[in-house]
Amino acid sequence: MTEKITVALTGNPNVGKTSVFNAITGSKQHVGNWPGVTVERKMGKRMHNGVEMQIVDLPGTYSLTAYSLDEIIARDFIIEEKPDIVVQVIDATNLERNLYLTTQLMELGVKLVIALNMTDLVLAKGDSIDIVTMQEFLEVPVVSTIGSKGDGIEDLMDVIKKEHHKTRINETVFTYDKKIEDKAEEIGQILDNEPGFSQYPTRWFSMKLLEGDENIIKKAKESDSYPRIENIIIDADAENLESEIADQRYRTIKTMLGQVCDINSVHLSGTDMVDRVLTNKLLGIPIFLSLMWAAFEITFTFATPFMNLIEIFFGWLAQTTVNAISIPWLASLLGDGIIAGVGAVLIFLPNILLLFLMISLMEDSGYMARAAFIMDKVMSKFGLHGKSFIPLVMGFGCNVPAIMATRTIEDSRNRLVTILVAPFISCGARLPVYVLLAGTFFGKDAGLVIFALYALGILVAVLSATLLRNTVLKGEDTPFIMELPSYKIPTLKGSLIHMWERGKIYLKKAGGIILIGVVAVWLLASIPAPGNSATFASEEVYGTAGSLIGVIGHILQPLVEPLGFDWKIAVALIFGVVAKEIVVGSMGVLYGVGENEESLSAILAAGAMTPLAGLGLMVFTLLYVPCFACIAVIKRETGSWKWAMFQLVYSTSLAWIFAFVIYQVGSRTGLLA
Amino acid sequence: MLGLPTKNKHTKDYKMNEKTLDLIEPDTSVRVLKVNGLKSSKRRILDMGLTPGTRVDVIRRAPLGDPVEFKLKGYNLSLRRKEAETILVEIVE
């Protein structure tokens, strides 16, 4: 029977907890969700000398209060699931603040092991840390690690195994002054007689009550003894107690550090010097804009050769398959349907992967925090938050991981607003529609038109945010309290892992939803309309008015006529709901030209569509309901269908109105002929 | 709103070198006296180390004027002026 140990991994954000987690678990990890909430949970396994360790990655937190979902998850896990060992990853270059979390973990009475990470950076600065003294002071094992290189991980595993067999822990390494200790003692005595609170460490519960922790106070109110407890708290001058307790924790930390560290903080750090340029009053914004532009340029330039390769491959694959299969409808299903559909999604993979790589590099280096710092003023004017910036930028690649990235936004209202407006950011899937239509109708101005569409998306996103913040989602502004971590040279490995994690999400979308959607499109296009005696999936039926699609399209036609669209466009748009990449493919089917884009372009230019309607269609595609995958993710991240449906209705209405105005006003004033 | 200092920054309640953090110019060092403000932001501010007695260096304002970057306890923290307004400090040196 193998010994099993559960290990919870905690730590402040930006300490390299992810590298340590990866170094411990390697590829043996999987991602899920914390039960009942929409926060990501990473778990992994590691065998070490016959012991099976299950590692749970808790959200990065600065403290264990009740004010943020991440913190509640972390402390609830520790209290309720009672992991065998808690490992706190600490940034060795930032001990003082990191140890604040340590004080709270120790009050929780957990078996703690400290992974002192990034010790190489400490040495590089010429500083030193006396680990032995630190261990004596904290009465907790401290292991030096360099997560990004995998150094110290074996030692860490050894220590975890050893610590597991320890029987006694000292909850009172961190003590407060007499007044506070006495009050805690008094409360503790009342609590010990209350069976309802036996699952909570007494000392920790008492301290939280004195601190004014809302979550804990709510729990305490459930007991009859609460009035007596309340009296003790009032008597203790609770208003200032919160400050006092925080202050005393930091004082104790400082005393310890005086004996443990040798820090040369006199000279200006590398980070400070770099920031003098990057967040400079005059240079900051131009540099930021250049970096953003460079990221997109690199993405599109380097991706193009790969995109061409993929296009050629899928074209060849479709052709070969069709030739090899003698059954007409099967050939059609595979060639026109599945291969073409999947290809349409995969073709954007290089693009998206590169964009995510750029973003990962910016995050891992620490620059993203500066981006939020620089952009916050602008974002807050629209009711958003500097932290909303990064998820929104990710939307240019794909809205799905962008919406998932909003997890870093602590305030639920801000997060919700960001989620709801993120789909207006023009994603990679809409690009084929722009390329086709702008290319057909605007010739050499195509680039400009496409840029304008991107800009429109951003504009609608921020204005919608303002609208939401002033109506449906009114509320207090969230505080902007953000650490600016020191710059670190990102490891290629780390950034590639990040990039791949997001790319996987995009691929799953291709593999799953789009495949289903494409087959659905194909079916509807192949099934003859009622009363039509032609054969299923035959040339006569496929994609014509004589198929089911045709019937649906004609029903919808009145709705889209004011926009300058015909029934074929209506159908293409419906299929675009599955995945926007499909719009072009569907149009190809419906206009009878299959995969040949040049022919499609020619047909449209020849009069199947007016330039004005073309413009309207691009705007409609930009704004209307995000794809299936997106809706599903909105539902998951917001926890209900209510908001997903709201987004659907809001965005589609907006799209209709814009396209309507463009076509109607344009026709009357003779724009674009 | 409860707990925030009044708009008039020159009330008799503040001593001469006591100010709220949002009024401190870059390249100045201060010491925290008291943290006021709403429960959740006060809590977060204290947790991040802005406890009474802590020395804080004002580094710079963002290019658009807000938020502001501070250095304390060996690391860099940014706050909006709105949050900084809830922190009472005195200038050192």
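**Exercise 1. State how chain A of this predicted model is divided into domains, and give the separation of domain 2 and domain 4.**

Solution. Step 1: the division of chain A gives domain 1 (3–164), domain 2 (178–262), domain 3 (287–429 + 443–475) and domain 4 (509–669). Step 2: taken over C-alpha atoms, the centres of domain 2 and domain 4 of chain A are separated by 61 Å.

**Exercise 2. Describe how helix 7 and helix 8 of chain A pack.**

Solution. Step 1: two packed helices are described by the angle between their axes and the distance between the axes. Step 2: for helix 7 (residues 178–192) and helix 8 (residues 202–211) of chain A, the angle is about 120° and the axes lie 9 Å apart. Step 3: angles of 65 to 115 degrees count as roughly perpendicular and those over 145 as roughly antiparallel; helix 7 and helix 8 of chain A are therefore oblique to each other. Step 4: the crossing of these two helices of chain A is right-handed. Step 5: the residues that meet include A:Ile180 and A:Leu191 in helix 7 and A:Phe205 and A:Leu209 in helix 8. By class, this contact has eight nonpolar, three polar and three charged residues.

**Exercise 3. Analyse the contact of chain B with chain A.**

Solution. Step 1: on chain B, 30 residues are in contact with 29 residues of chain A. Step 2: helix 1 of chain B gives the most to the side of chain B that touches chain A, namely seven residues. Step 3: by class, that side of chain B has twelve nonpolar, nine polar and nine charged residues. Step 4: strand 5 of chain B pairs with strand 10 (residues 481–484) of chain A in the antiparallel sense, over four bridges. In this strand of chain B, B:Leu79 is the bridge partner of A:Ile481.

Terms used:
Residues numbered from 1 in each chain as written. Chains lettered and ligands numbered in written order. Predicted model: local features only at pLDDT ≥ 70, side-chain atom pairs only at ≥ 80, totals over all residues. Domains from an automatic or database assignment. Contact = placed C-beta atoms within 7 Å. Nonpolar A, V, L, I, M, F, W, Y, C, P; charged D, E, K, R; others polar. Pairing = 2+ DSSP bridges. Axes fitted to C-alpha atoms, helices over the stretch in contact; angles between N-to-C directions. Parallel < 35°, antiparallel > 145°, perpendicular 65-115°, else oblique. Left-handed = near helix turned anticlockwise from the far one by under 90°.
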